[in-house]
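Visitor: I would like a close look at a single part, the largest nonpolar core. Please take your time over it, as I am new to reading structures.

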Amino acid sequence: MICLRSVFLLFIMSLSLMACAADTLNESFVSEPYVRERWLSYLEDGKTKREEITRRLGEPTSSFQNNTILGYRLILVEEGRDLSEKEYQNVLINVESAYLGRYYGWVNDRRKQLSEKGTLFTIREQNREDKLLEILSREAEYSLVLVFDNQGTLTTHDFRRIMP
Amino acid sequence: MKILIAFLLILFASACMVIPTPEHRIAGRVPFDDEKTSFMVKDTTSKEEVLLNLGEPDLVLNRERIFVYRWEMVAAYFVIGGYGAGAVGPIQRPHFLIIEFNDKNIIRRHEVQASVFSSATPSVETFKKPQQDPSAPPS
(Lines give C-alpha, C1' and ligand atoms only; values in the text may rest on other atoms or scores of the structure.)
Protein backbone atom coordinates (compact mmCIF):
# COMPACT_ATOMS: atom_id res chain seq x y z
CA MET A 1 0.00 0.00 0.00
CA ILE A 2 2.84 2.32 0.94
CA CYS A 3 4.59 1.43 -2.27
CA LEU A 4 1.49 2.26 -4.29
CA ARG A 5 1.16 5.59 -2.51
CA SER A 6 4.81 6.41 -3.27
CA VAL A 7 4.34 5.64 -6.93
CA PHE A 8 1.23 7.82 -7.02
CA LEU A 9 3.06 10.69 -5.30
CA LEU A 10 5.98 10.34 -7.69
CA PHE A 11 3.57 10.48 -10.61
CA ILE A 12 1.89 13.63 -9.29
CA MET A 13 5.28 15.25 -8.65
CA SER A 14 6.53 14.46 -12.14
CA LEU A 15 3.33 15.92 -13.59
CA SER A 16 3.87 19.09 -11.59
CA LEU A 17 7.45 19.31 -12.82
CA MET A 18 6.30 18.94 -16.41
CA ALA A 19 3.78 21.71 -15.85
CA CYS A 20 6.54 23.97 -14.56
CA ALA A 21 8.74 23.19 -17.56
CA ALA A 22 5.97 23.94 -20.10
CA ASP A 23 6.48 27.22 -21.87
CA THR A 24 3.53 29.34 -22.90
CA LEU A 25 2.67 29.95 -26.53
CA ASN A 26 3.33 33.56 -27.43
CA GLU A 27 0.36 34.80 -29.44
CA SER A 28 1.37 38.45 -29.60
CA PHE A 29 3.38 38.26 -32.86
CA VAL A 30 0.57 36.51 -34.73
CA SER A 31 -2.35 38.37 -33.16
CA GLU A 32 -4.71 40.32 -35.40
CA PRO A 33 -3.81 43.78 -33.96
CA TYR A 34 -0.07 43.13 -34.32
CA VAL A 35 -0.25 41.77 -37.88
CA ARG A 36 -2.60 44.57 -38.94
CA GLU A 37 -0.25 47.23 -37.57
CA ARG A 38 2.89 45.52 -38.92
CA TRP A 39 1.77 44.76 -42.50
CA LEU A 40 -1.63 46.35 -43.17
CA SER A 41 -1.40 49.74 -41.51
CA TYR A 42 -2.05 51.47 -44.84
CA LEU A 43 -5.66 50.18 -44.91
CA GLU A 44 -7.96 53.08 -44.11
CA ASP A 45 -11.69 53.06 -44.72
CA GLY A 46 -12.78 55.97 -46.91
CA LYS A 47 -9.24 56.61 -48.17
CA THR A 48 -7.29 53.63 -49.46
CA LYS A 49 -7.71 52.89 -53.16
CA ARG A 50 -8.10 49.45 -54.67
CA GLU A 51 -4.97 49.99 -56.81
CA GLU A 52 -2.79 50.51 -53.78
CA ILE A 53 -4.07 47.32 -52.17
CA THR A 54 -3.52 45.18 -55.27
CA ARG A 55 -0.08 46.77 -55.70
CA ARG A 56 0.89 45.70 -52.19
CA LEU A 57 -0.94 42.38 -51.82
CA GLY A 58 -1.28 41.32 -55.44
CA GLU A 59 -4.43 39.98 -57.05
CA PRO A 60 -7.05 38.82 -54.53
CA THR A 61 -7.89 35.23 -53.69
CA SER A 62 -11.52 35.81 -54.59
CA SER A 63 -13.90 38.58 -55.61
CA PHE A 64 -17.64 38.98 -55.10
CA GLN A 65 -20.52 41.11 -56.33
CA ASN A 66 -18.89 42.34 -59.54
CA ASN A 67 -15.52 42.94 -57.88
CA THR A 68 -16.91 45.38 -55.31
CA ILE A 69 -15.81 42.96 -52.57
CA LEU A 70 -12.34 41.41 -52.58
CA GLY A 71 -11.21 38.52 -50.42
CA TYR A 72 -7.58 37.84 -49.51
CA ARG A 73 -6.42 34.60 -47.90
CA LEU A 74 -3.11 35.58 -46.31
CA ILE A 75 -0.49 33.36 -44.70
CA LEU A 76 2.38 34.42 -42.49
CA VAL A 77 5.59 32.98 -43.95
CA GLU A 78 9.32 33.60 -44.36
CA GLU A 79 9.95 36.36 -46.89
CA GLY A 80 11.78 36.30 -50.16
CA ARG A 81 12.54 32.66 -50.90
CA ASP A 82 10.88 29.31 -51.44
CA LEU A 83 11.04 26.81 -48.62
CA SER A 84 13.12 23.71 -49.31
CA GLU A 85 11.81 20.21 -48.58
CA LYS A 86 14.31 19.90 -45.73
CA GLU A 87 13.28 23.22 -44.17
CA TYR A 88 9.63 22.24 -44.47
CA GLN A 89 10.23 18.95 -42.69
CA ASN A 90 12.21 20.75 -40.01
CA VAL A 91 9.29 23.13 -39.40
CA LEU A 92 6.79 20.28 -39.21
CA ILE A 93 8.88 18.23 -36.78
CA ASN A 94 9.53 21.20 -34.51
CA VAL A 95 5.92 22.37 -34.53
CA GLU A 96 4.57 18.90 -33.83
CA SER A 97 6.98 18.24 -30.99
CA ALA A 98 6.25 21.68 -29.53
CA TYR A 99 2.51 21.09 -29.42
CA LEU A 100 2.85 17.49 -28.22
CA GLY A 101 5.45 18.30 -25.58
CA ARG A 102 3.78 21.58 -24.68
CA TYR A 103 7.08 23.37 -24.88
CA TYR A 104 6.75 26.22 -27.34
CA GLY A 105 10.24 27.71 -27.35
CA TRP A 106 10.90 26.90 -31.01
CA VAL A 107 7.47 28.14 -32.14
CA ASN A 108 7.85 31.37 -30.19
CA ASP A 109 11.29 31.96 -31.74
CA ARG A 110 9.88 31.37 -35.21
CA ARG A 111 7.01 33.78 -34.55
CA LYS A 112 9.47 36.44 -33.40
CA GLN A 113 11.61 35.92 -36.49
CA LEU A 114 8.56 36.14 -38.74
CA SER A 115 7.52 39.37 -37.07
CA GLU A 116 10.87 40.83 -38.11
CA LYS A 117 11.55 39.19 -41.45
CA GLY A 118 8.30 37.53 -42.45
CA THR A 119 5.62 38.59 -44.86
CA LEU A 120 1.92 38.16 -45.57
CA PHE A 121 1.61 36.07 -48.70
CA THR A 122 -1.63 35.95 -50.71
CA ILE A 123 -2.82 32.45 -51.60
CA ARG A 124 -4.52 32.16 -54.98
CA GLU A 125 -5.71 29.27 -57.08
CA GLN A 126 -2.78 29.95 -59.42
CA ASN A 127 -0.03 29.71 -56.78
CA ARG A 128 -1.43 26.99 -54.51
CA GLU A 129 0.69 24.23 -56.05
CA ASP A 130 3.90 26.25 -56.26
CA LYS A 131 3.61 27.41 -52.66
CA LEU A 132 2.33 24.16 -51.17
CA LEU A 133 5.20 23.79 -48.68
CA GLU A 134 4.78 27.38 -47.49
CA ILE A 135 1.03 26.89 -47.14
CA LEU A 136 1.41 23.66 -45.18
CA SER A 137 4.03 25.12 -42.85
CA ARG A 138 2.44 28.54 -42.35
CA GLU A 139 2.59 29.94 -38.87
CA ALA A 140 -0.81 31.59 -39.13
CA GLU A 141 -3.53 32.24 -41.68
CA TYR A 142 -5.77 35.28 -42.02
CA SER A 143 -8.79 36.42 -43.99
CA LEU A 144 -9.01 39.97 -45.28
CA VAL A 145 -12.29 41.13 -46.81
CA LEU A 146 -12.42 44.55 -48.46
CA VAL A 147 -15.54 46.37 -49.64
CA PHE A 148 -15.15 49.18 -52.20
CA ASP A 149 -17.45 51.92 -53.46
CA ASN A 150 -18.04 52.73 -57.15
CA GLN A 151 -14.89 54.87 -57.25
CA GLY A 152 -12.71 52.02 -56.00
CA THR A 153 -12.22 53.49 -52.55
CA LEU A 154 -12.22 51.19 -49.54
CA THR A 155 -15.46 51.68 -47.59
CA THR A 156 -15.11 48.98 -44.97
CA HIS A 157 -12.96 45.95 -44.29
CA ASP A 158 -12.55 42.99 -41.97
CA PHE A 159 -9.31 41.32 -40.98
CA ARG A 160 -9.33 38.16 -38.92
CA ARG A 161 -7.08 35.28 -37.99
CA ILE A 162 -8.66 32.04 -39.12
CA MET A 163 -5.88 29.55 -38.42
CA PRO A 164 -4.52 28.02 -36.22
CA MET B 1 3.59 -24.26 -33.05
CA LYS B 2 5.74 -21.60 -31.38
CA ILE B 3 5.00 -19.23 -34.22
CA LEU B 4 1.29 -19.88 -33.83
CA ILE B 5 1.44 -19.17 -30.10
CA ALA B 6 3.42 -15.99 -30.75
CA PHE B 7 0.90 -14.94 -33.39
CA LEU B 8 -2.03 -15.59 -31.04
CA LEU B 9 -0.29 -13.67 -28.28
CA ILE B 10 0.21 -10.68 -30.54
CA LEU B 11 -3.36 -10.94 -31.74
CA PHE B 12 -4.93 -11.08 -28.31
CA ALA B 13 -2.49 -8.72 -26.62
CA SER B 14 -3.40 -5.93 -29.06
CA ALA B 15 -6.50 -3.80 -28.75
CA CYS B 16 -8.16 -0.76 -30.22
CA MET B 17 -10.21 1.64 -28.16
CA VAL B 18 -12.17 4.78 -29.01
CA ILE B 19 -12.63 7.32 -26.24
CA PRO B 20 -15.36 9.85 -27.05
CA THR B 21 -14.76 13.39 -25.76
CA PRO B 22 -16.72 16.64 -25.82
CA GLU B 23 -16.00 18.30 -29.16
CA HIS B 24 -12.95 20.51 -29.03
CA ARG B 25 -10.48 22.06 -31.44
CA ILE B 26 -6.76 21.27 -31.44
CA ALA B 27 -5.77 22.77 -34.78
CA GLY B 28 -7.17 24.10 -38.01
CA ARG B 29 -9.68 26.78 -38.75
CA VAL B 30 -11.40 28.69 -35.98
CA PRO B 31 -14.86 27.10 -35.59
CA PHE B 32 -18.07 28.98 -36.30
CA ASP B 33 -20.03 28.43 -33.13
CA ASP B 34 -23.56 29.73 -32.48
CA GLU B 35 -22.22 32.98 -31.10
CA LYS B 36 -20.30 33.75 -34.29
CA THR B 37 -23.22 32.94 -36.60
CA SER B 38 -26.04 34.47 -34.58
CA PHE B 39 -25.97 37.60 -36.77
CA MET B 40 -27.31 35.59 -39.73
CA VAL B 41 -31.01 36.02 -40.32
CA LYS B 42 -32.78 34.37 -43.23
CA ASP B 43 -34.15 36.82 -45.85
CA THR B 44 -32.38 39.71 -44.09
CA THR B 45 -28.61 39.31 -43.83
CA SER B 46 -26.61 40.26 -46.92
CA LYS B 47 -23.65 38.55 -48.54
CA GLU B 48 -21.50 41.56 -47.64
CA GLU B 49 -22.38 41.15 -43.95
CA VAL B 50 -21.55 37.45 -44.12
CA LEU B 51 -18.13 38.14 -45.63
CA LEU B 52 -17.38 40.89 -43.14
CA ASN B 53 -18.42 38.73 -40.18
CA LEU B 54 -17.07 35.33 -41.18
CA GLY B 55 -14.26 36.14 -43.60
CA GLU B 56 -13.42 34.63 -46.92
CA PRO B 57 -15.25 31.32 -47.51
CA ASP B 58 -13.40 28.05 -48.12
CA LEU B 59 -15.54 27.23 -51.10
CA VAL B 60 -17.76 29.28 -53.39
CA LEU B 61 -20.28 27.42 -55.55
CA ASN B 62 -23.00 28.16 -58.09
CA ARG B 63 -21.80 31.63 -59.10
CA GLU B 64 -21.54 32.94 -55.54
CA ARG B 65 -24.91 31.49 -54.59
CA ILE B 66 -23.43 29.10 -52.04
CA PHE B 67 -20.62 29.70 -49.54
CA VAL B 68 -19.03 26.86 -47.60
CA TYR B 69 -16.92 27.27 -44.47
CA ARG B 70 -15.13 24.18 -43.17
CA TRP B 71 -13.53 23.43 -39.82
CA GLU B 72 -12.65 20.36 -37.80
CA MET B 73 -13.30 19.42 -34.21
CA VAL B 74 -11.93 16.47 -32.28
CA ALA B 75 -14.83 14.17 -31.34
CA ALA B 76 -12.85 11.28 -29.86
CA TYR B 77 -9.40 9.75 -29.47
CA PHE B 78 -8.35 6.31 -30.65
CA VAL B 79 -5.92 4.18 -28.71
CA ILE B 80 -4.24 1.24 -30.39
CA GLY B 81 -2.23 -1.06 -28.20
CA GLY B 82 -0.02 -3.71 -29.74
CA TYR B 83 2.57 -6.10 -28.40
CA GLY B 84 5.24 -3.69 -27.15
CA ALA B 85 3.91 -0.71 -29.09
CA GLY B 86 0.96 1.62 -29.15
CA ALA B 87 -0.47 4.76 -30.67
CA VAL B 88 -2.92 7.45 -29.70
CA GLY B 89 -4.55 9.95 -32.04
CA PRO B 90 -7.52 12.24 -32.44
CA ILE B 91 -10.61 11.42 -34.49
CA GLN B 92 -11.58 14.60 -36.30
CA ARG B 93 -15.14 15.53 -37.12
CA PRO B 94 -15.45 17.91 -40.09
CA HIS B 95 -18.09 20.63 -39.85
CA PHE B 96 -19.49 22.60 -42.77
CA LEU B 97 -21.35 25.87 -42.52
CA ILE B 98 -23.27 26.15 -45.77
CA ILE B 99 -24.92 29.43 -46.69
CA GLU B 100 -27.18 29.90 -49.69
CA PHE B 101 -28.02 33.34 -51.07
CA ASN B 102 -30.88 34.47 -53.27
CA ASP B 103 -30.42 36.53 -56.44
CA LYS B 104 -30.44 39.73 -54.36
CA ASN B 105 -27.43 38.48 -52.36
CA ILE B 106 -29.51 37.92 -49.23
CA ILE B 107 -29.31 34.74 -47.16
CA ARG B 108 -31.90 32.22 -48.25
CA ARG B 109 -30.78 29.35 -46.05
CA HIS B 110 -27.94 28.42 -43.79
CA GLU B 111 -27.08 25.29 -41.88
CA VAL B 112 -24.22 23.42 -40.26
CA GLN B 113 -23.51 19.85 -41.31
CA ALA B 114 -21.14 17.56 -39.49
CA SER B 115 -20.19 13.95 -39.82
CA VAL B 116 -17.47 11.87 -38.28
CA PHE B 117 -17.57 9.47 -41.20
CA SER B 118 -17.02 11.90 -44.04
CA SER B 119 -14.28 14.44 -44.67
CA ALA B 120 -15.57 15.46 -48.06
CA THR B 121 -17.51 18.66 -48.58
CA PRO B 122 -21.21 17.82 -48.98
CA SER B 123 -22.37 18.10 -52.56
CA VAL B 124 -24.43 21.09 -53.59
CA GLU B 125 -27.33 18.75 -54.25
CA THR B 126 -27.63 17.91 -50.55
CA PHE B 127 -28.27 21.55 -49.80
CA LYS B 128 -30.76 22.28 -52.55
CA LYS B 129 -34.40 22.49 -51.59
CA PRO B 130 -36.35 19.33 -52.39
CA GLN B 131 -38.08 19.71 -55.75
CA GLN B 132 -41.83 20.20 -55.55
CA ASP B 133 -44.02 17.77 -57.38
CA PRO B 134 -45.39 19.73 -60.39
CA SER B 135 -48.55 17.61 -60.44
CA ALA B 136 -49.34 18.41 -56.81
CA PRO B 137 -52.09 20.99 -56.29
CA PRO B 138 -50.86 24.41 -55.12
CA SER B 139 -51.13 24.83 -51.37
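**The largest nonpolar core**

Guide: Of the 164 residues of chain A, 24% count as buried, and it should be said at once that this is a predicted model. To place the core, it helps to know the chain: chain A has six helices and five strands, which follow one another from the N terminus as α-α-α-β-β-α-α-β-α-β-β.

The largest nonpolar core has 35 residues, and those with the most contacts inside it are A:Leu74, A:Leu76, A:Leu146 and B:Ile99. Both chains build this core: chain A gives two or more residues from each of helix H3 (50-57), E2, strand E3 (118-123) and E4, while chain B does so from each of helix H3 (47-54), strand E3 (66-81) and strand E4 (86-101). The element that gives the most is E2(A), with seven residues. In soluble globular proteins, nonpolar side chains tend to be buried together.

A:Leu146 deserves a closer look, for beyond its neighbours within four places in sequence it is in contact with A:Ile53, A:Ile69, A:Leu70, A:Leu154 and A:His157.

Now turn to the contact between the chains, which takes 16 residues from chain A and 13 residues from chain B. On the side of chain A that touches chain B, strand E1 (62-64), strand E2 (69-78), strand E4 (140-148) and strand E5 (154-163) each supply at least two residues, and E5(A) gives the most, with five residues. By class, this side of chain A has seven nonpolar, six polar and three charged residues.

How values were computed
Residues numbered from 1 in each chain as written. Chains lettered and ligands numbered in written order. Predicted model: local features only at pLDDT ≥ 70, side-chain atom pairs only at ≥ 80, totals over all residues. Helix = DSSP H or I, 4+ residues; strand = E, 2+ residues; numbered from the N terminus. Buried ≥ 20, exposed ≤ 12 C-beta atoms within 10 Å, placed from the backbone. Contact = placed C-beta atoms within 7 Å. Nonpolar A, V, L, I, M, F, W, Y, C, P; charged D, E, K, R; others polar. Core = buried A, V, L, I, M, F, W, Y, C linked by C-beta atoms within 7 Å.
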